[in-house]
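Please walk me through this structure in the viewer. I would like to know what to select at each stop and what can be found there.

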Amino acid sequence: MKIRTLMAVVLVAGVASAMERIGLDGLWDFRFERGKPLEEAATSSTFAANDKMVVPGCWNAMSHWFNQHGTGLYRTRFTLASDAVNAFLVVDGCGLRSKYWIDGREIGFSKLPWSRFEFETGALTAGPHELVAAVDSTVDNAKVKLFWDFYDFYPFGGFHHGVWLEVQTQPVELRRVVVRTRDYRTGRVELEAQFAGTEAPRDFTADVAFDGGPARPVAFANRRATLTVPAFRLWTPETPNLHTVAVSCSTPSSQRAKPVSARFGIRQVGTAAGRITLNGEPIYLKGVNRHEAHYEFGATTPVQLMYEDVKNLKDLGGNFIRGSHYAQNARFLDLCDELGVLVWEESLGWGNRRQQLADPEFRQLQEEETRLMVRNSINHPSVIVSAFLNEPDSDLPVCKSLVERLIDVIRAEDTGHLVTFACHRTRTCISHEKTDIIAYNTYPCWYSDEMTTGSAEEMRANIRACHARIVKYFRDRYRDDRPIVVSETGVKADYGVRDPRGRAQYTEDFQEEYTRTMLEEMFAQKDIAGVAIWQFTDCKTYTRTKGMRNRSYGVNTGGLYDLYRRPKLAVEAVREQFRKKVK
């Protein structure tokens, strides 16, 4: 039996920060250099703008630059009311590489698509300043190691979810508070204060208040303190209770107390007897895979659309979303926290082969993006799984060594999350030895050749036999009772294409029949602890390239809903089966 304790850390987006935050979203000066990589298009911070572009926004989802790749050059201006000791430029996801200048001085370069990252600007004077950015969406694998040309989703260019500055005006300022739940049964938590500034105090007294209640002085030793949340309530999908904590402390450089707040949930995730547990109780994962994408907005999905997705899942009777295949946006995780949806979050990777798995730069970037993902979203009680590397060549020792390194990276953060990856080498995988969950992707009767007559009876028998074989392989190999989760399974259907008599492949009728049969068989197998259907909505993928022969109009049509969230027939089959399955 494994139990891991939840840790919650303040997100930049969720902080009532002691430091001033300057939002930079809006209409920026813009120039698009079609077909030019960043090195050719932006050798300096100076460029002649000839257009405007919205931030956040994905240019190659817009009609003017649709499907075009190259480098977008951006410029905006901001004003500081007073001198800044330092500032942090925060970029909430972009694609694929990017470089930044403030007042002509380069401050950072990122190779982490979809990740939220930040750069320190150094000292800034009061008054006007200019920020320039170059964002390159070119898929050049000599330069872009985390997104390869065979990945089955689209490389959207632009800023996905916003840009802002956090301004530090004092030599030392409290910036974030980390909350680690130490005992979910008693509401005991550990607070950790994180400061901006090199001379931050280690031992001090701060005023702490939970849920808007009265503050009381608390002694911090080595920047940590342990105490009990008054009148605490547990977080579950049925009762998604959330707490807040506000911490105020003075520093040697500033005697005025500036509160920093964090929102968190008290809950513990673990495993026992082949099941995932939440607060000591077994829970069955009934869910979907979801891309942060829309045909018109690209990766810049509006909050209303995110909310609709979560509401649709809950209406189906689902409780789980696998965020495929990159770090999730904080706004989306906020909704999952508030509405009670369990989340599997994973760092960017897809079908990586020996060439990538052995590349030192790829391995280093995997560590970096995985660590960032965990730190950025760890305060969200909805996130119960931290994962990585969807469908790598997990039968290779080079993959096993990277998997185990990434497991160490996640566990070093004291997350309380379960750790795994989605395997597709279901006859030869050797890399699940140290994961908390054994997870696999499989598509019987779709990508494989099990079907001969095409009868409903044959389909059911083949689905049953396929999963039974995979479960037996992992049980025989590892000789333990870890939970086994089907992280992807399903079939594709083109929206509106009907064939009620023949139920041919790619029709809504076939998808509906298959999905009902698949869920009936999955829910009947005692060794399976959860299922995530591929996928929630259709999503844009490679277009006019080598993969066009099996992707209708450049879209992966495996969704229960289409690109515009219109339901297919399979939605009713999922609703019927999810609502029947209680535990």
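The tour below visits a sheet, a hairpin and a helix in what is a predicted model.

**Stop one: the sheet.** Begin by selecting β6, β14 and β9 together. These three strands make an open sheet, in the order β6-β14-β9, and their pairing is antiparallel. Residues 57-58 are β6 and residues 94-95 are β9; these are the edge strands, each pairing on one side only. Strands of a sheet pair through backbone hydrogen bonds, either parallel or antiparallel.

Now narrow the selection to β6 and β14, the latter covering residues 158-159. Two bridges join this antiparallel pair. To see how the strands are lined up, pick C58 and look across to β14: the residue opposite is G158.

**Stop two: the hairpin.** Select residues 204-210, which are strand β18, and residues 216-220, which are strand β19. The two pair in the antiparallel sense over five bridges. Label D207 in the display; P217 in β19 stands opposite D207. Next, show the turn: five residues lie between β18 and β19 in this hairpin, and one of them, D211, has a positive phi of about 55 degrees.

**Stop three: the helix.** Select residues 330-339, helix α3. Which residues of α3 are buried? They are A330, F332, L333, L335, C336 and D337.

Step back to N329, which caps the N-terminal end of α3. A side-chain oxygen of N329 lies 3.0 Å from the backbone nitrogen of R331. Finish at G340, just after α3, where phi is positive at about 85 degrees.

Methods: Residues are numbered from 1 along each chain as its sequence is written. This is a predicted model: local features need pLDDT of at least 70, side-chain atom pairs count only at pLDDT 80 or more; totals for chains, interfaces and linings use all residues. Side-chain values use heavy atoms; hydrogens and water are left out. Two strands pair if DSSP finds at least two bridges between them. Helices (H or I, at least four residues) and strands (E, at least two) are DSSP runs, numbered from the N terminus. Buried means under 20% relative accessible area, exposed over 50%, partly exposed in between (1.4 Å probe, protein chains only). A polar contact is a pair of N or O atoms within 3.5 Å; within protein, one must be able to donate a hydrogen and the other to accept it, and residues adjacent in sequence count only if both atoms are side-chain atoms.
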